[in-house]
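Please study the sequence and the model below before working through the exercises. Each exercise sets a task and is followed by a solution in steps.

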Amino acid sequence: GSSCAAARRPCCRVSARHDMRLLLINPNISDSVTALIADEARRAAAPGTAVTALTAPFGVAYIETRFEALIGAYAAAQLAAEHHAAHDAVVIAAFGDPGLAGLREALPVPVLGMTESALASAGLLGQRFAIVAISQRIRAWYREVVQANGLQARLASIRALDRPITSIGGVQQEHADALRALCEQAVDEDGADVIILAGAPLAGLARSLAGRLPVPVVDGVSSAVVHAQSLFALQPGKARSGSFAPPPAKPHQGLPEAIARLLERRP
């Protein structure tokens, strides 16, 4: 009857929606790191989710400083402007989320960052979290990113490797014992309830450490993928007003064509 037909209609709408297309942008130039990101994203993705991973066309091998993050943000903006139209969500696949807030204003699809996503996951697992990173220099910027997310009171510590990195794509194999030791110190000495493994070069390490540490371990890539899928399922809509409304039209010059199109809201 009509009541049965009405009950079926929501299911019909869901089944008509296409599978998710997810764009991951590595804002640095290391193809080896992009491969790590893509592998972990595909392990975390639901069946049917298509993952595209892109490497920045310019920039640095890996981001440690505020200035390098500035460069990475522009590289991410260029790739996002060029490729977002074929995707349902975009992930900025670098810890620190370079360019995240600006791209969230400009793009018509959800934009997520590894840091924000990892913090969201950690908040569901415990009260105080520690971040384990790949370099000492990176710590100040990461602390500022946590503060920008309003979670500094829940940050137990930021611990980082203090040794040269010979291969950014192989850092988690080269320094496996040291990284695990940092995690254990964060639990034993800093009181962390959850460990966040920070940075795209550590993508996938949480899987190998799961069950080997006394607290949950969170990965930024898999967190971002799962949260992106949740937003795709929720279909919350795009802001048309407020601080994340699209930027207003205004004169510009010297911009790449894809970014100009985005600013002008042209397809």
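The exercises that follow concern a predicted model.

**Exercise 1. Compare the expected span of helix 2 (residues 31–44) with the distance between its end C-alpha atoms, and state which elements its buried residues pack against.**

Solution.
- Step 1. Helix 2 has 14 residues. The expected span is 1.5 Å times one less than the number of residues, so helix 2 should span 20 Å.
- Step 2. The end C-alpha atoms of helix 2 are 20 Å apart, which agrees with that expectation.
- Step 3. The buried residues of helix 2 are Val 33, Thr 34, Leu 36, Ile 37, Ala 38, Glu 40, Ala 41 and Ala 44.
- Step 4. An α-helix has 3.6 residues a turn, so residues three or four places apart point the same way.
- Step 5. The partners of these buried residues are strand 1 (21–26), strand 2 (50–55), helix 7 (171–174), helix 9 (205–209), strand 8 (217–219) and helix 10 (220–234).

**Exercise 2. Describe the largest nonpolar core and the surroundings of Ile 195.**

Solution.
- Step 1. The largest nonpolar core contains 67 residues. Those with the most contacts inside this core are Phe 129, Ile 131, Tyr 142, Ile 195, Ile 196 and Leu 197.
- Step 2. Helix 8 (residues 176–188) supplies the largest share of this core, namely six residues.
- Step 3. When neighbours within four places in sequence are left aside, Ile 195 is in contact with Ala 130, Val 132, Cys 183, Ala 186, Val 187, Val 215, Pro 216, Val 217 and Val 218.
- Step 4. Another core, of 18 residues, lies apart from the largest one; among its members are Ala 76, Leu 79, Val 90 and Val 109.

**Exercise 3. Characterise the largest pocket and the largest cavity by volume and lining.**

Solution.
- Step 1. The volume of the largest pocket is about 360 Å³.
- Step 2. Its lining consists of 15 residues, and Val 109, Pro 110, Pro 236, Gly 237 and Lys 238 lie nearest the centre of the pocket.
- Step 3. This pocket lining divides into ten nonpolar, two polar and three charged residues.
- Step 4. A search of the whole structure finds one cavity of 30 Å³ or more. The largest cavity holds about 100 Å³ of space.
- Step 5. Residues that line the cavity include Asn 28, Tyr 62, Phe 95, Ile 134, Tyr 142 and Pro 201. The cavity lining divides into nine nonpolar, two polar and no charged residues.

**Exercise 4. Are Asp 97 and Gln 235 buried or partly exposed, and what is the phi of Asp 97 and of Gln 235?**

Solution.
- Step 1. Most residues other than glycine have a negative phi.
- Step 2. Asp 97 is not a glycine, yet has a positive phi of about 55 degrees. Gln 235, also not a glycine, has a positive phi of about 50 degrees.
- Step 3. Asp 97 is in the loop between strand 3 (89–92) and helix 4 (100–106). Gln 235 is in the loop between helix 10 and helix 11 (257–264).
- Step 4. Buried means under 20% relative accessible area. Asp 97, at 8% relative accessibility, therefore counts as buried.
- Step 5. Gln 235 has a relative accessible area of 45% and is partly exposed.

**Exercise 5. Locate Gly 48 and name its contacts.**

Solution.
- Step 1. Gly 48 is found in the loop between helix 2 and strand 2, and is partly exposed with a relative accessible area of 40%.
- Step 2. Gly 48 and His 18 are 30 residues apart in sequence, and their C-alpha atoms are 9.0 Å apart in space.
- Step 3. Leaving aside neighbours within four places in sequence, Gly 48 is in contact with Asp 19 and Met 20.

Note on methods: Residues are numbered from 1 along each chain as its sequence is written. This is a predicted model: local features need pLDDT of at least 70, side-chain atom pairs count only at pLDDT 80 or more; totals for chains, interfaces and linings use all residues. Side-chain values use heavy atoms; hydrogens and water are left out. On a 1 Å grid over the protein atoms alone, a cavity is a set of points where a 1.4 Å probe fits but cannot get out, and a pocket is an open set with protein on both sides within 12 Å along at least five of seven lines; lining residues have an atom within 4 Å of a point. Grid points are joined across faces, edges and corners, and a volume is the space filled by probe spheres set on the points. Ala, Val, Leu, Ile, Met, Phe, Trp, Tyr, Cys and Pro count as nonpolar, Asp, Glu, Lys and Arg as charged, and the others, Gly among them, as polar. A nonpolar core is a set of buried Ala, Val, Leu, Ile, Met, Phe, Trp, Tyr and Cys residues joined through side-chain atoms within 4.5 Å. Buried means under 20% relative accessible area, exposed over 50%, partly exposed in between (1.4 Å probe, protein chains only). Helices (H or I, at least four residues) and strands (E, at least two) are DSSP runs, numbered from the N terminus. Contact means heavy atoms within 4.5 Å.
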